[in-house]
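Welcome! Please open the structure in your viewer and get ready to select a few pieces one after another.

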Amino acid sequence: MNTILVPTDFSNTADNALNYAIDLANAYRLDITLLHVVSIATVGAVNSLATVSNAEEQLALAEKHMIEKVTALSESNPDITFHYQVEMGFLSDSLKELGK
């Protein structure tokens with residue numbers, strides 16, 4: 001299986017990269033895996049941008065957001081298979097693990 005890995009923080013910039021990946025996936029018949037990592041560094045951090053202080057709540061919120069995004073993407077791009085992963089940790093570690 002050939003897959004494009006697209007890390008996302010659900011920002012407009014990440015969506016721009018995702019749109020580019022969708023174009024590539026359509027052109028080369030590739031799958032897309034979306035990855036969102038809830039950073040350990042921001043869980044419960046003082047002055048954190050995170051609006052939810054509990055790590056489990058952050059994961060649940062990210063999972064919900066990801067499911068909504070993947071559902072909408074699948075409906076608008078029926079020729080692409082979308083996968084996703086939401087986890088807690090460090091982005092660099094997650095990318096290394098998925099790249100194996």
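This short tour visits two helices and a patch on the surface of a predicted model.

**Stop 1: helix H2.** Select residues 55-76, the 22 residues of helix H2. From its first C-alpha to its last, H2 reaches 32 Å, close to the 32 Å expected at 1.5 Å a residue.

Now colour Gln58, Ala62, Met66, Lys69, Val70 and Leu73, the buried residues of H2. Why do they sit on the same side of H2? They cover an arc of only 100° around the axis, which puts them there together. It helps to know that an α-helix has 3.6 residues a turn, so residues three or four places apart point the same way.

Turn to the other side of H2, and you will find Glu56, Lys64 and Glu75 exposed.

**Stop 2: the neighbours of H2.** Show helix H1 (12-28), strand E2 (31-39) and strand E3 (82-89) as well: the buried residues of H2 pack against these.

**Stop 3: helix H3 and the surface.** Next, select Leu5, Leu91, Leu95 and Leu98, which form a nonpolar patch on the surface. Together they have about 280 Å² of accessible area. Helix H3 (residues 91-98) gives the most to this patch, with three residues.

Is Ser94, another stop in helix H3, buried or exposed? Ser94 counts as buried because its relative accessibility is 4%, under the 20% cut-off. Leu91, also in H3, counts as partly exposed at 41%.

Finally, display Leu35, Val37 and Glu87: leaving aside neighbours within four places in sequence, these are in contact with Ser94.

Conventions. Residues numbered from 1 in each chain as written. Predicted model: local features only at pLDDT ≥ 70, side-chain atom pairs only at ≥ 80, totals over all residues. Heavy atoms only, no water. Helix = DSSP H or I, 4+ residues; strand = E, 2+ residues; numbered from the N terminus. Expected span 1.5 Å × (residues − 1). Buried < 20%, exposed > 50% of the residue type's maximum accessible area, 1.4 Å probe, protein only. Arc of directions from axis to C-beta. Contact = heavy atoms within 4.5 Å. Patch = residues over 30% accessible without salt bridge, like charges linked within 9 Å, V, L, I, M, F, W, Y side chains within 5 Å. Areas by Shrake-Rupley, 256 points an atom, 1.4 Å probe, with all protein chains shown as cover. Salt bridge = Lys/Arg side-chain N within 4 Å of Asp/Glu carboxyl O.
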